[in-house]
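This report describes a protein model with two chains, beginning with its sheets and ending with its salt bridges. Please keep the structure in view while reading.

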Protein chains: 2
Amino acid sequence: MKPLAKPSFRAVEWVGNTDGHLLLLDQTRLPSDVVFLECRDVDTVWEAIKTLRVRGAPAIGIAGAYGLCLGLRSEDSMSEDQWFARLNAVADRMITSRPTAVNLAWAVRRVRDVALALRGGGSLEEIEAAMLAEARAIEDEDREMCRSIGRHGASLLANCDNVLTHCNAGGLATSEYGTALAVIFSAVEAGKRLHVWVDETRPLLQGSRLTAWELVQQGISATLICDSMAAQVMREGRVQAVVVGADRIAANGDTANKIGTYGLAQLAAAHGIPFYVAAPTSTFDLSLASGDAIPIEQRDAREITHVFGSPTAPAGVAVYNPAFDVTPARLIRAIVCERGVISPVTTDAIARCAGLRAK
Amino acid sequence: MKPLAKPSFRAVEWVGNTDGHLLLLDQTRLPSDVVFLECRDVDTVWEAIKTLRVRGAPAIGIAGAYGLCLGLRSEDSMSEDQWFARLNAVADRMITSRPTAVNLAWAVRRVRDVALALRGGGSLEEIEAAMLAEARAIEDEDREMCRSIGRHGASLLANCDNVLTHCNAGGLATSEYGTALAVIFSAVEAGKRLHVWVDETRPLLQGSRLTAWELVQQGISATLICDSMAAQVMREGRVQAVVVGADRIAANGDTANKIGTYGLAQLAAAHGIPFYVAAPTSTFDLSLASGDAIPIEQRDAREITHVFGSPTAPAGVAVYNPAFDVTPARLIRAIVCERGVISPVTTDAIARCAGLRAK
């Protein structure tokens, strides 16, 4: 009866060795269809990242790392010079599939740099094997990081808690476990019974399409609501904790995350419900003193004015569509990262945690 | 340059005299198409109410009143007994088009009772003329009530205010001006420049489809947002007032309105923004001591799990879809009704206002 704590799917999975291929779970087809895209060349991976078939910073990074490997299959007719010229060209092009994804550039360059460091020290086949090993390492490190976040965060949830989450900070966005959902998965694995309220997360419905799908897959009790219903559910006393992910955390703990997160934090405060952020330390941006310095990306009006291509708003109406909002640290009870639980959330506590070299 | 304060459309309009017909603005076609349904028989009106082509308690009542008139065209071949038998049959049937709409039954019976009172005292043609006059009176009274709400509420808004509203409490739901939107229309008419933030209002998007359309029609500056963005807009200091309608107001001022209203009231309080409810005194239900006694209707899960018939959530996920929530009186700065502004919102103040016989 106990639900699986380990996800039964992977967003990104390499099959085989250096002559293998990449499987990507096509997230644009969810929740209706579970379709895996078989990638045997770099262009297929490029297109999949570009069109959001794979999404979430860690998952994109891992896909890009494997994509670079796919683009560098040694060919008998290629000289070493030609091969290394191709390495740089493929790496540069891969990064253009999602130019603002810092994680993608970081992961692709990490795999490229392994090859560059080995130049002249081994055969192309050996270099290709080392690149694949590096991509696997990136994936493994992400998996272990998510597991650690989950383990640390699980202690914050009590048996029979109702947990509310927003957007998708789940396995689909990472190697396997996610961040906010890792906390839930780990608590369930530890034997706690939880129920999860899932905000649908307009405009792109990541909660409805992705988070609800993940939880149903895992057999975890979940109820879908519109974003505007969270306050009512809280008022009914049916939420004991809110757990969300993060896109960027300033030095003082102010947290940028999917639009709607800030409102949830205010509502949680009004109802005396603890509000938790789960994110790796790589999310900390200590160059920003506070959230005031975090730029808010504006997205396309059509995300709000159209659904499945059909208009749901009058032509010519103005639209405001911020991708993110910033939740001030004072509304965050704790930040859970792979190194532990930061609570209370202060500049000092974050600096201490970020300064740790390892666990 | 000053925008029209009077709506340039009517949701319900009678054209001509007793041999005239009814025009209904088909709200299921908005915002893409502005199509008027020409009703020349009672069945067309019945179908239009049933399928939500006309919606909003006052608008439904007015449409039903005129619908009854359409169903009682005198025919030479009909005896007076036959005519009155038909009157009762048509009235009973008209009410079944939306059985829970208290306003519909009230308006249809009011027109029927005029006919019953005149039985034997005039020709059928005279009775039909009296019925049409009564339907017109219902419409005129609603228009005057909306105008009064607007006049009283306009004083609450200052020049250059940004006003946030939720769902549709506009002209489309009433004879012409609406309730929450009447406040905005009247303030604009008085020469104030306003900007309106429109919550899209999931799941049925009445804000996006209807309120945004009304405001664009009126030339009033409006910006559409997802419901989850309201908190961010407030945090940016870009909201000076929130104005919403009401479905039911308990004796102590607790207010039931479209789901999402309660969360907005909490967010307004957190940001020090006044929160106003605009509704006629007919919305007061003094039999309920507080909002705890207001039942919350649950609606179909498909409103959340499907869009335009396509699934946006995994099969089998649980859904919670309350139609309304209840905002406690302590979060409401003022209730604006046709008799004036109730502020502070207390049981005594509401009783005094509801007890007034007339303005």
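## Sheets and interface

An open sheet of 8 strands follows the order E17(A)-E16(A)-E10(A)-E7(A)-E4(A)-E5(A)-E6(A)-E14(B), and its pairing is mixed. Its edge strands are strand E17 (340-342) of chain A and E14 of chain B, each of which pairs on one side only. Strands (E, at least two residues) and helices (H or I, at least four residues) are DSSP runs, numbered from the N terminus. Two strands pair if DSSP finds at least two bridges between them.

The model is predicted: local features need pLDDT of at least 70, side-chain atom pairs count only at pLDDT 80 or more, and totals for chains, interfaces and linings use all residues. Residues are numbered from 1 along each chain as its sequence is written, chains are lettered from A and ligands numbered from 1 in the order in which they are written, and side-chain values use heavy atoms, with hydrogens and water left out.

Inside the sheet of 8 strands, strand E7 (residues 241-244) and strand E10 (residues 275-278) of chain A are parallel and share 3 bridges. Val244(A) has Val277(A) in E10(A) as its bridge partner. Helix H6 (residues 180-189) of chain A packs on this sheet and touches strand E4 (162-165), strand E5 (195-199), E7 and E10 of chain A. Contact means heavy atoms within 4.5 Å. H7(A) lies across E4, E5 and E6 of chain A.

A second open sheet has 3 strands in the order E1-E2-E3 (chain A), with antiparallel pairing. Strand E1 (12-15) and strand E3 (36-39) of chain A are at the edges with a single partner strand each, so one side of each has no neighbour in the sheet. On average, neighbouring strands here are turned by 25° against each other, direction ignored. Strand E2 (residues 21-25) of chain A pairs with E3(A) over 4 bridges, and Leu24(A) stands opposite Leu37(A) in E3(A). Helix H1 (residues 42-50) of chain A lies across E2 and E3 of chain A.

The table lists the angle of each helix to a strand. Axes are lines fitted to C-alpha atoms, for helices over the stretch in contact, and angles run from 0 to 180 degrees between N-to-C directions.

| Helix | Strand | Angle |
|---|---|---|
| H1(A) | E3(A) | about 145° |
| H6(A) | E4(A) | about 160° |
| H7(A) | E5(A) | about 165° |

How do the two chains meet? Between chain A and chain B, 53 residues of each are in contact with the other. Together the chains bury about 4300 Å², 68% of it on carbon and sulfur atoms. Buried area is the accessible area (1.4 Å probe) that two parts lose on being put together, summed over both. In chain A, Leu224(A), Arg235(A) and Tyr320(A) lose the most area to chain B, together 15% of what that side buries. E6(A) and strand E14 (residues 318-319) of chain B run parallel and are joined by 2 bridges. Val319(B) in E14(B) is the bridge partner of Leu224(A).

The interface has 2 salt bridges, out of 44 over all chains of the structure. A salt bridge is a side-chain nitrogen of Lys or Arg within 4 Å of a carboxyl oxygen of Asp or Glu. Glu200(B) and Arg202(A) form a salt bridge at 2.6 Å, N to O. Within chain A, Arg10(A) and Glu139(A) form another, with the closest N and O atoms 3.5 Å apart. Arg10(A) lies in the segment before E1 of chain A and Glu139(A) in helix H5 (residues 124-154) of chain A, so this pair ties together parts that are 129 residues apart in sequence.
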